[in-house]
Amino acid sequence: MKLYFRYLSMLLKSQMQYKASFFMMVVGQFLVSFTTFLGMWFMFDRIQSVDGFTFSEVLLCFALMLLAFSATECFARGFDRFPALIRSGELDRILVRPRGVIFQVLTANVEFSRMGRFAQAILVLAYAIPTSGIVWTGDKILTLTLMFVGGLGVFTALFVLYAGISFFTIEGLEFMNIFTDGSREFGRYPLSIYGEGVLKFLTYVIPVALFQYYPLLYLTGRSQNQGLIFLPVLGMLFLIPCYLFFRFGLRKYQSTGS
Amino acid sequence: MRKYLSFFRIRFLAGLQYRAAAWAGIATQFAWGGMSILMYRAFYQSGQSAFPMEFSQLSSYIWMQQAFLAMFMVWFYDNEIFDHITSGSIAYELCRPCDLYSMWFVKNMAIRLSRVVLRCAPILLVAALLPAPYGVTLPASLEAALLFPISMLLGFLVMVAFSMLVYISAFYTISPNGVRILVTSVLEFLAGGVLPIPFFPDWLRPVMYALPFASMQNTPYLIYVGHFAAGDALGGMVMQLFWVIALVLMGKGWMNRALKKVVVQGG
């Protein structure tokens, strides 16, 4: 753990070397999700609600998704560069070091500029929490917290899966974007609006709905079933198959040489 | 001219080699387009009349956007060019007996086009087979069919001419990542990539049409789906032509200034 913080402070220092560029990145990250927010606002300018959800409720969804995604991306960014590690043969160097692979990948790159997105999510959340009309009792707060934690789990699992697939194909990886970036982009609305089929897929195959749609039903008072609060925890089990897949890939791994 | 053509050919053929990546890209873009359409469907179900386009028009717009994504994607840059600038190997580029601006311009066009060539046909084909309001339709009229390719070309030139400005900015900033992400996010939004421009509120639209970004993907697609009346379409294309010329002149001028001052680092 101590080593992890050593790595963190090192990365922070190195990223702060190009100060202007760093701050532009933070602002840029902020703007990326801000334009998404504006897009949603302009749509809701024309109508009251979508699929029965009001703007504030949708914003709650959007903020939560962004919060979980940006936090994951900030710390698990190393997985994004995993294909490059394989291609360059850098992975061999990682394998001979006396620390776990996952640990080293996690510390290889922490993207602090993602804080721009994170800040945005906090701002939107601060707006949505009072305006959503939800009475914030203990169980609701617990629901929101678990949604965030569940989101962290599922997104981390997706990044691990991404790295795992890169053991087998590097070129085909673009398809994974639909699950990672796609979840963030389309998860800004309650997942039921995309219809039954999509919702089922996102429940049973990629469990994004487990930390987004179902707990949201409880949060907004659409359902009284208290079991929904704990569904995000169930979603986190997705980490297990993804991690096993990564191990499987690692065992098959043959160096590219050079 | 011949040498630029061969630069174009080399880059174009190199781009065609990534076929597995193209299939993955096609699948991704198809899923992306489908999800967007489902999303808008939910909005349209909540109130048809509130929106400026018919749903079938919007579907066509989205499929066109996905099919020709590589032509107009704002986050895509040729990293080789940035590397030339930051690593100093720009010196070799300068030794070549040709105009740097034109060379980079042509290379950029070639990479983007090679990606589109691989990807657009399968996407359009499948999208054309989808049932009525969800698929891509034929051009709205004969006129639209005639104007669309020209407007597409102009929009493409505006896009590449603008991205040249971002490359040139790297002469000044050295670490181009910051500028890139800043430009990308704003441009994507103003070009109608996040939300088609007709969906923007009335007070904002005039501003957007006055900027070069509306002349990129927005004009050709709106012509295609028949959102523009004949007069508006021609007006939009005149705007496109104006921006191509203006941006190219700006880029060339700026590059010449930058090259006068360029300091090649290291040896």
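Colleague: Of the contacts in chain A with a separation of 6 or more, what share comes from residues 24 or more positions apart?

Modeller: It's 79%, where a contact means two C-beta atoms, placed from the backbone, within 7 Å. Bear in mind that this is a predicted model: local features need pLDDT of at least 70 and side-chain atom pairs count only at pLDDT 80 or more, while totals for chains, interfaces and linings use all residues. Residues are numbered from 1 along each chain as its sequence is written, and chains are lettered from A and ligands numbered from 1 in the order in which they are written.

Colleague: Then what are the confidence scores for the model, and for chain B?

Modeller: The model has ipTM 0.84 and pTM 0.86. Chain B averages a pLDDT of 85, with 97% of its residues at 70 or more; pLDDT is the predictor's confidence in each residue, from 0 to 100. In chain B the low point is helix 6 (residues 90–95), with a mean of 78, and the high point is helix 3 (residues 55–67), at 91.

Colleague: What makes a stretch count as a helix or a strand, and how many of each are in the two chains?

Modeller: Both are DSSP runs, numbered from the N terminus: H or I over at least four residues for a helix, E over at least two for a strand. By that rule chain A has 13 helices and 2 strands, and chain B has 12 helices and 0 strands.

Colleague: Why is chain B called as compact as a globular protein of that length?

Modeller: Set the value against the globule rule, 2.2 Å times the number of residues to the power 0.38, with the radius of gyration taken over C-alpha atoms. For 267 residues the rule gives 18 Å and chain B has 20 Å, which is close, so the description fits. Chain A, with 258 residues, has 19 Å against an expected value near 18 Å, which agrees.

Colleague: Why do you say helix 9 of chain B is largely enclosed?

Modeller: A residue is buried if 20 or more other C-beta atoms, placed from the backbone, lie within 10 Å of its own; 12 or fewer makes it exposed, and anything in between partly exposed. In helix 9 of chain B, 12 of the 14 residues are buried, so the rest of the structure largely encloses it. Among the buried ones are B:Val179, B:Arg180 and B:Glu188. They pack against helix 2 of chain A, plus helix 8 (142–173) and helix 10 (205–210) of chain B.

Colleague: How do you know that the length of helix 9 of chain B fits its residue count?

Modeller: The expected span is 1.5 Å times one less than the number of residues. For the 14 residues at 177–190 that comes to 20 Å, and the end C-alpha atoms are 20 Å apart, which agrees. Just past this helix, B:Gly192 has a positive phi of about 90°.

Colleague: Which residues meet where the chains touch, and what are they like?

Modeller: Chain A brings 35 residues and chain B brings 34. Helix 2 of chain A gives the most to its side, with 16 residues. That side of chain A has 19 nonpolar, 11 polar and 5 charged residues. Here Ala, Val, Leu, Ile, Met, Phe, Trp, Tyr, Cys and Pro are nonpolar, Asp, Glu, Lys and Arg are charged, and the others, Gly among them, are polar.
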